[in-house]
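Here is a walk through one model, from a loop residue to the ligand, the helices and the charged pairs. Have the structure open while you read.

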Amino acid sequence: MQEVAQRKIVVLGTGGTIAGSSPVRGANVGYVAGQIGVDELLAAVPGLAQAAGGTLVAEQVAQFDSKDMDFATWARLAQRCAAHLADPAVAGIVITHGTDTLEETAWLLHTLLDASRPVVLTGAMRPATALSPDGPQNLLDAVTLAADSTARGVLVMVAGAVHGARDVRKVHPLRLDAFDSGDAGPLGWVEAGQVRWAHDRPPGAAWAGQAAHAALVPVLGRLPWPRVEIVMSHAGSDGALVDWLVEKGVHGIVAAATGNGSLHRALEAALARAAHAGVRVRVASRCPQGRMLELAGAPWRHAAGLSPVKARISLLLELMADSAGANRVKSGLEPFE
Ligand code: SIN
């Protein structure tokens, strides 16, 4: 058997507040995200190499505010992760990311990567130039988690807590512990350089990347991404937006439904017209906690308990797999008939 010569933790930089900088020394708001290079971020954290237990390798994949996340960057990031995971010397990957769309990237990677080793996303709520930035501790904890032999799958490490890709959400615009996993709770914590799993056991196989769409990774960036939009059901919904989207050639619609998947009747009628026209429709709940239960006889396929933004990602990949003729790629969601 070939000996693995070197144990590496790879840190992929994409920008965000963790790499943010303000001209006003010490300011927590009014900064510009994605300014400081990933090498500089690593250099600012004492004890990082020790936490990695081997070599740290940094790579700048992007450098921007994650509100501007785009398909090309998602494709590049997924491909860089897959390439590093194919290297047996890589023990884990850390991705520094803006917090605003971090949960979306986490779900995308969970769906695309065969992550038998940890892929840990982290970010910060205060820029690197703040009086007391949270990024350095989050980065140290993320490297500790990525180096932990019991960790696997796509994980999120912020403010001491470890979250899984499926349930994690940003829930606060300012607080340092801006993420939570609703009633699922965190998977664990990193405390003083030690990983402590909830219920004293590491996450099971379900948390490792299910790689439902791993076959798409090599072709991402070459295939066009379908157009999938989210439309919210609310008081006074009239469905006009859905009709307009169908006219514009939308491929999929995620309806952000009230409660356990209920839809305003005008919106529901418009969605029925859209489905009849060949648009794939999924229903996800607007509720920030819990998972929708699918009711017998419901006219719509629900989005497997995902939030609307994550349901959109699953639908994007499902449609892309179909158009690539990759129907054998196992989908996390049943097609709506
Ligand atoms: C971003 O998402 O890039 C900016 C906000 C943040 O990282 O907290």
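Does A159 count as buried, partly exposed or exposed? At 38% relative accessibility, A159 counts as partly exposed, where buried means under 20% relative accessible area, exposed means over 50%, and partly exposed is in between (1.4 Å probe, protein chains only).

A quick word on ground rules. This is a predicted model, so local features need pLDDT of at least 70 and side-chain atom pairs count only at pLDDT 80 or more, while totals for chains, interfaces and linings use all residues. Residues are numbered from 1 along each chain as its sequence is written, and side-chain values use heavy atoms, with hydrogens and water left out.

**Backbone oddities**

Back to A159: you'll find it in the loop between β5 (153–158) and β6 (161–164). Strands here are DSSP runs of E with at least two residues, helices are runs of H or I with at least four, and both are numbered from the N terminus. The phi of A159 is positive, near 50 degrees, in a residue other than glycine. D200 is another non-glycine with a positive phi, about 60 degrees. D200 sits in the loop between β10 (194–197) and β11 (228–232), and at 69% relative accessibility it counts as exposed. G325, which follows helix α8, also has a positive phi, near 75 degrees.

**Around the ligand**

Which residues surround the ligand? They are G16, T17, D65, S66, G98, T99, D100 and A124, counting a residue as near if one of its heavy atoms lies within 4 Å of the molecule. By class, that shell has one nonpolar, five polar and two charged residues. For that tally, Ala, Val, Leu, Ile, Met, Phe, Trp, Tyr, Cys and Pro are nonpolar, Asp, Glu, Lys and Arg are charged, and the others, Gly among them, are polar.

Three side chains put a polar atom by an oxygen atom of the ligand: T17 at 2.9 Å, D65 at 3.2 Å and S66 at 2.6 Å. Taken alone the ligand exposes 250 Å², and the protein buries 95% of that; the areas come from the Shrake-Rupley method with a 1.4 Å probe.

**Three helices**

Start with α4 (residues 102–112). Eleven of its eleven residues are buried, so α4 is largely enclosed by the rest of the structure. The buried set includes charged-looking names such as E103 and E104 alongside W107 and H110.

Helix α5 (residues 135–146) has twelve residues and reaches 16 Å from its first C-alpha to its last, close to the 16 Å expected at 1.5 Å a residue. That expected span is 1.5 Å times one less than the number of residues. Nine of the twelve residues of α5 are buried, so this helix too is largely enclosed by the rest of the structure. Among the buried ones are G135, N138, L139 and D141.

How far apart are the end C-alpha atoms of helix α8 (residues 308–323)? They are 22 Å apart, which agrees with the 22 Å that its 16 residues should span at 1.5 Å a residue. Helix α8 is mostly covered, with 13 of its 16 residues buried.

**Charged pairs**

How many salt bridges does a search of the whole structure find? The search finds twelve, a salt bridge being a side-chain nitrogen of Lys or Arg within 4 Å of a carboxyl oxygen of Asp or Glu. Here are some of them, with N to O distances.

| Salt bridge | Distance |
|---|---|
| K8 and D87 | 2.9 Å |
| R175 and D177 | 2.9 Å |
| R280 and D322 | 2.8 Å |

The R280 and D322 pair ties together parts that are 42 residues apart in sequence, because R280 lies in strand β13 (residues 280–285) and D322 in helix α8. R280 counts as buried at 18% relative accessibility, whereas D322, at 31%, counts as partly exposed. There's a network here as well: salt bridges link R280, R282, E318 and D322.

The K8 and D87 salt bridge links distant parts of the chain, 79 residues apart, with K8 in strand β1 (residues 8–15) and D87 in the loop between α3 (71–85) and β3 (90–96). K8 is partly exposed, with a relative accessible area of 22%, and D87 is partly exposed at 23%.

In the remaining pair of the table, R175 is partly exposed at 39% and D177 is partly exposed at 38%.

Technical notes: A polar contact is a pair of N or O atoms within 3.5 Å; within protein, one must be able to donate a hydrogen and the other to accept it, and residues adjacent in sequence count only if both atoms are side-chain atoms.
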